[in-house]
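Trainee: Could you take me through one part of this model closely, and show me how it is held to its surroundings? I would rather have a connected account of a single element than a survey of everything.

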Amino acid sequence: MINKILISVLQLSIAGSITYFIFLLGKLWIFCNITANFMGKVYTILVISFIIPIFYLWGVYDNSYEVFSQGNGLIMIEKNSLEESFYYIMKNKLFINVVPIFWLTGMFFYLFYASYCFFKLKKDLKCNSFSIYGMTEWQKILNEICEKENIKKISLLATTYTSQPCTTGVFQNTIFIPAVILNQCSTEEIRMILRHEVRHNKRKDVSLKTFIQILNCINWFNPLFYIIKNELYAWTELACDEEILCDCSLQQRKAYANMLLYFSREEKISKSIWNIAGFGGNKKKLLNRRLKAVMKKKNHKKNYHVLTMGFLVFAVASGTKVAKAADTTLNNLFSTRTEIVYKDEIKILDDDELQEYYFSDHYIDFDDTELIQKIENGEAEQFSFVPEQNVTYKLISPDNTTETLQNNTNAEIEPKHTHTWKSKNITEHKKYSDGSCKTTVYAAKYCTDCSYTVKGDVISEQTNKSCPH
C-alpha cells in the first residue's frame, strides 16, 4: 500500500514539476502583464498540480491502472547489460523497502519541524503581547475597515516579539502591532497598515499558507515545490499592496513605500514563518519587487489573463502527459508485482501469431541430465498440484499428447517402488482479470507406473495480451 501511495506522489511531483518548468518559459511575459492578485491564483494552480492526479483519469480511460493493480508486470532486459545491473539493484527488496520508509521519515521530520515552529510562534506571541483596546485610534480605524469590508471583528494586540505588523490564526485572525510604533504612526499610516492586514484576513492568506505547508510536507523531497511555495507567499503580499493602493495617489504610494523600507530595517524575525502574513519583510528580492510594484501603477488588460490561463492549461496538460508516461517506469521500480525476465528467455505473441503457433500444446525438448541426477540423489522435489483460481496445469508428452493434471495425479509412492521415467513438459497457465495470461513451461519427469511427477527448471515462458485459451 505504501509503495502505491509513493508511486502516486512521485507521479504528482513529476506532473507539478513539468508544469512549472513550462510555466517558467512564459513567466517574464506573464507577470509583466497581469495583476498580482491573478498571479497569486496562477501560483495556486501550480501548487494544485502537485496534488490533483489528473493523469489518473487518463489511466482509468485506458485501463492501465487496473492492469497495474491486478497483473504481474514484466521487465524485459538483456543479459549482462547495464540495464540488468540497474534493475537488480533497484528491485532489491532492501531498496524497495528503504525508499518508502525514507520518504515517510522525511515527512515525519518535516511535520515535526513545522509543528515546532507553529507552537513556538504561538507561545512567543502569547508571552510577548498585550491588549491595546484602550488605544482608540488603532481600534477605531480597524472597526471602520472591518465594517466597510463587511467582515467579522478581528482581534487587535500589541507585541514586543516582532517589529513588523502581522496577522496570524487560521480560524480566528489576530492582528499584532509592534509596540514600538503604537504612538509613532499617523492616522494615514495606521489606516494603510491595518488595511493591508485586513486584506490578508479577507483573502484567507494564513489558511492558504497552512494548507500549502501541509502539501510541502508530502513533497519535502522536491526543491521546486519550495520555490513555488515561496513565490506564492511573495505574490500574496504584492496582491495586498495592489488592492489597497489601486486608488491611491503618488504621494500615498511613496508613504507606503517608506513604511515598507522602515519595517524591513527593523525586522527581528530572521526568516519567513509560514503561519503568519506580515506587512514587511527583510528579503531584498521581495522588497525590491514590492517597491517597484508600489511605485508603478499598471493598467492590466483582461485579454492577458485569458492568454495566461490558456498557457497554464497547456502547461498542466503537458505535465499530466509526462506523469502518465512515467507510470510504467515507476511501477516497474516500486511495485512488488513486477518480475525481471531476459528477452531471450521469453516470447510475447500477438493473437495472430498464436494462430500459427499454439504454444501450450507443443512439447519442448530439454536436457534431462541434471534432473535425473537430482532424482537419483533424492534432491528433486515432487511437483505438488495445488488448485488455484484461474490456474491450470497440463502434462505434455514428446508426441504432443496432453493430459490435464487432476488432484489425484500425485499419488502416494510405495517405499520400494521402481519408477519408469518419461520426459514430460508441465505447463502452468495463469489467467488474469484484465484478459491477459501467462504460460510457463517446466522440464519434468513422469513415472508411468505411479504418476509421480518431478518438476525441473523453467524452459520457456509466454505472455499473451489477450488469453486465447
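Mentor: Let us take helix α9, bearing in mind throughout that this is a predicted model. The helix covers residues 187–203, and its geometry can be checked against its length: at 1.5 Å a residue, its 17 residues should span 24 Å, and the end C-alpha atoms are indeed 24 Å apart, so the two values agree. Just after α9, Lys204 adopts a positive phi of about 60 degrees.

Many side chains of α9 are covered, and the buried set mixes nonpolar residues such as Ile190, Met192, Ile193, Leu194 and Val198 with Glu197, Arg199, His196, His200 and Asn201. Of these, Arg199 deserves attention, because its relative accessible area of 15% falls under the 20% limit for a buried residue. Arg191, by contrast, counts as partly exposed because its relative accessibility is 28%, and Arg203 is likewise partly exposed, at 21%.

These three arginines each take part in a salt bridge to another helix, as the following pairs show.

Arg191 pairs with Glu144, with the closest N and O atoms 3.4 Å apart. This pair links distant parts of the chain, since Arg191 belongs to α9 and Glu144 to helix α8 (residues 136–149), 47 residues away. Glu144 is itself partly exposed, with a relative accessible area of 36%.

Arg199 forms a salt bridge with Glu149, where the closest N and O atoms are 3.1 Å apart. Here too the partner lies in α8, so the pair ties together parts that are 50 residues apart in sequence. Glu149 is buried, with a relative accessible area of 18%, as is Arg199 at 15%.

On the side of helix α11 (residues 223–245), Glu243 forms a salt bridge with Arg203, the closest N and O atoms being 3.4 Å apart. Because Glu243 lies in α11 and Arg203 in α9, this pair ties together parts that are 40 residues apart in sequence. Salt bridges that share partners then join Glu149, Arg199, Lys202, Arg203, Asp205 and Glu243 into one network.

The partner helix α11 merits a brief look as well. Of its 23 residues, 17 are buried, so the helix is mostly covered, and its end C-alpha atoms are 34 Å apart, which agrees with the 33 Å expected at 1.5 Å a residue. At its start, a side-chain oxygen of Asn222 comes to within 3.0 Å of the backbone nitrogen of Leu224.

For context, a search of the whole structure finds 7 salt bridges and 0 disulfides.

How values were computed: Residues numbered from 1 in each chain as written. Predicted model: local features only at pLDDT ≥ 70, side-chain atom pairs only at ≥ 80, totals over all residues. Heavy atoms only, no water. Disulfide = S-S within 2.5 Å. Helix = DSSP H or I, 4+ residues; strand = E, 2+ residues; numbered from the N terminus. Expected span 1.5 Å × (residues − 1). Buried < 20%, exposed > 50% of the residue type's maximum accessible area, 1.4 Å probe, protein only. Polar contact = N/O pair within 3.5 Å; in protein donor to acceptor, adjacent residues only side chain to side chain. Salt bridge = Lys/Arg side-chain N within 4 Å of Asp/Glu carboxyl O.
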